[in-house]
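Student: I would like to go through this structure residue by residue, starting from the contacts.
Tutor: Go ahead and ask.

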Amino acid sequence: MADKEQDIASLISRIERLENELNVRKQNITWLKHYFDELKQQFDARPELQQLAQLSEQVASLQQRHEFTPQIIPPSSESVVDTSDNLANANVLKTEQDEKIEPSAQQKQTVTVFSAEKFKVAKMTLLLGYFGDMLLIEAYLSEEKSQEKPISAEEFLKRYNEGQRDFTGINLSGANLSGSDLRYGSFNLSNANLSGANLTRIYWGAVNLSGANLSNSLLYEAKLSLDVNLSKAILENADLHKADLSSTNLHQANLHKATLSGANLQGTDLSATNLSEANLSRASLKTAKLMIANLSNANLSRVNLFGADIEGANLQGANLNQALYNNATWFPTGFDLLETGACFIGSSASLQKANLAGADLSEINLSGADLQGANLAKVNLSRANLSGANLSEANLSEANLNQANLSDVNWHGAKLQGVNLNSINLSCANLKQVNLSKASLNSANLSAADLAEADLRGAELIYADLRGADLALADLRAADLRNANLSGAGLIDANLGGANLDGAKLTGAIMPDGKTYE
């Protein structure tokens, strides 16, 4: 009966999980539909369509003008006759039905001789008319704009400190704003030119950088929050390594070849973003939105993809070696993970000899996981569930195991030097021959634990519960055992040289010389 109830509970759990997955897919499909509808509306509303119709009319008009263009003789090197009246006459085409004039006479009437410069102007005006004039004006304005001098960092900060907050389209290319404090009040830098600017270690407040040009800029270690809008911004070749971009809006941004190694992109909106050839190694993309993103040839090695939505993304040529994903990660439909080298992190996962050094695995369920020989150095495993996990020969040096569930873990031959195990429950644990040198075990429960031949040199065991623990042949040199409870512990042949036993309880303990402490 108990087995049947367990099977039913397992079936219900699977059904609930499938329903949750179905709901998530429905939400993604709804989002995609809205997104494509928005793109269609934008396409239909493009001003280029109206301009195309106008251009068609203007081309037809130009062709008609060209058929009736009067003959203009280029200037000779000998004599030049030039009057404003003659130029005006050249721009007017006589279309009314006048009395017939002999061809030779009409030719004499319309022929005008200009200076070299005005000849070119007259010819362009006659051939292009009003539209040509507008093109010339637009080209002139564009040239003037491109030659506009950038604003200095000092001038920008002066305006900012004086209260100006609208900097739309400002030219700050190459400016050095490193370390500036821009936290006071929201301000607008949309469509600004910040290419090549030094924006490192800036204290950003609420800022609108949508459409801004940040190509080749320096933004490493920058702290950008959810109040920063970088949608449609240009960040090609930008340096954003170790930047905090958590929950930032980067929708449709261009991050081609950008450096984002070690960056915090947790919860960031990267939907429809161009990340082709970008370096995202070791970045945190937990719960990030990457729908329809271009990740072709991107470096995604050792990234954290827990809960990330990559539905519809382009992953062609992407490097996913040792990338971490879990049951909540959504990959594109039909994407094959087998040959990518990505690591599934979850209950009963197979991770023998996996290199997970420095990863954030806090609150993750790794119960029953096989981590034999894995590199878990400096890994954050706080509040993680490791019950029943195999950690034999694993390297956990300087890992954070604070409040982790470590019941029934196989620790044989594991390296735990410098690890944080404060207040941890390791009662009855098998820690034989384990390296715990310089580990922090303050207030830890190690009652009845097997610590025979363990390396505890320099370990902190203040107020630790070691009642009945087996410490035979253990190396406790320079260990801090102040106020520790060692009642009934076995310390036969243990090395206590330099250990601090002030306030320790040793009642009934078998000391290194084999005598029982009374």
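Student: Leaving aside neighbours within four places in sequence, which residues is Ala384 in contact with?
Tutor: The model is a predicted one. Ala384 is placed in the segment after strand S7 (343-344). Leaving aside neighbours within four places in sequence, the residues in contact with Ala384 are Leu361, Glu363, Ile364, Ala404 and Asn405.

Student: How many Å separate the C-alpha atoms of Ala384 and Asn405?
Tutor: Asn405 is one of the contacts of Ala384. The two are 21 residues apart along the chain. Their C-alpha atoms are separated by 6.3 Å.

Student: Is Ala384 buried or exposed?
Tutor: The cut-off for buried is under 20% relative accessible area. Ala384 has 1% relative accessibility, so Ala384 counts as buried.

Student: What does Arg383 count as by relative accessibility?
Tutor: Arg383 is also placed in the segment after S7. Partly exposed covers the range between the buried limit of 20% and the exposed limit of 50%. Because its relative accessibility is 41%, Arg383 counts as partly exposed.

Student: How far apart in space are Arg383 and Ser362, C-alpha to C-alpha?
Tutor: Leaving aside neighbours within four places in sequence, Arg383 is in contact with Glu363, Asn402, Gln403 and Ala404. Arg383 and Ser362 are 21 residues apart in sequence. C-alpha to C-alpha, the distance between Arg383 and Ser362 is 5.9 Å.

Student: Which residues does Leu416 touch, not counting residues up to four places away in sequence?
Tutor: Leu416 lies in the segment after S7. At 0% relative accessibility, Leu416 counts as buried. Not counting residues up to four places away, Leu416 touches Leu396, Leu401, Trp411, Leu431, Val434, Asn435, Leu436 and Ala439.

Student: How far apart in space are Leu416 and Leu436?
Tutor: Leu436 has Leu416 among its contacts, along with others including Leu421, Leu451 and Ala459. In sequence, Leu416 and Leu436 are 20 residues apart. In space, C-alpha to C-alpha, the separation is 4.8 Å.

Student: Which residues have the most contacts inside the largest nonpolar core?
Tutor: In soluble globular proteins, nonpolar side chains tend to be buried together. Here the largest nonpolar core has 68 residues. Those with the most contacts inside this core are Ile345, Leu361, Leu396, Leu401, Leu406, Trp411 and Leu436.

Student: How many residues are in the second, separate core?
Tutor: This core includes Ile170, Leu177, Leu315 and Ala318. The number of residues in the second, separate core is 64.

Student: What percentage of the residues of the chain count as buried?
Tutor: The chain exposes about 28100 Å², with carbon and sulfur atoms supplying 48% of that area. The chain has 518 residues. The portion that counts as buried is 40%.

Student: What is the order of elements from the N terminus on?
Tutor: The chain has 6 helices and 7 strands. From the N terminus on, the order is α-α-α-α-α-α-β-β-β-β-β-β-β.

Student: What percentage of contacts between residues at least 6 apart in sequence join residues at least 24 apart?
Tutor: The pairs discussed above, Ala384 with Asn405 at 21 residues apart and Leu416 with Leu436 at 20, do not reach that separation. Among contacts in the chain between residues at least 6 apart, the portion joining residues at least 24 apart is 11%.

Student: Near what value is phi of Asn191?
Tutor: Most residues other than glycine have a negative phi. Asn191 lies in the loop between strand S2 (187-188) and strand S3 (203-204), and counts as exposed at 52% relative accessibility. Its phi is positive, near 60 degrees.

Student: Near what value is phi of Ser247?
Tutor: Ser247 lies in the loop between strand S5 (228-229) and strand S6 (324-325). At 37% relative accessibility, Ser247 counts as partly exposed. Phi of Ser247 is also a positive value, near 65 degrees.

Student: Over the ring of which residue does the charged end of Arg165 sit?
Tutor: Ring pairs link Phe156, Tyr160, Phe167 and Phe187 into a cluster. The charged end of Arg165 is 4.0 Å from the centre of one ring in that cluster. That ring belongs to Tyr160.

Student: How many disulfides does a search of the whole structure find?
Tutor: Cys343 is buried, with a relative accessible area of 11%, while Cys428 counts as exposed at 57%. A search of the whole structure gives a disulfide count of 0.

Methods: Residues are numbered from 1 along each chain as its sequence is written. This is a predicted model: local features need pLDDT of at least 70, side-chain atom pairs count only at pLDDT 80 or more; totals for chains, interfaces and linings use all residues. Side-chain values use heavy atoms; hydrogens and water are left out. Rings of Phe, Tyr and Trp (its six-membered ring) pair if their centres lie within 6.5 Å; planes under 30 degrees apart count as stacked, over 60 as edge-to-face and the rest as tilted. A charge sits over a ring if NZ of Lys or CZ of Arg is within 6 Å of the ring centre and within 35 degrees of the ring normal. A disulfide is a pair of cysteine sulfur atoms within 2.5 Å. Buried means under 20% relative accessible area, exposed over 50%, partly exposed in between (1.4 Å probe, protein chains only). Helices (H or I, at least four residues) and strands (E, at least two) are DSSP runs, numbered from the N terminus. Contact means heavy atoms within 4.5 Å. Accessible areas come from the Shrake-Rupley method with a 1.4 Å probe; for residues, only the protein chains shown count as cover. A nonpolar core is a set of buried Ala, Val, Leu, Ile, Met, Phe, Trp, Tyr and Cys residues joined through side-chain atoms within 4.5 Å.
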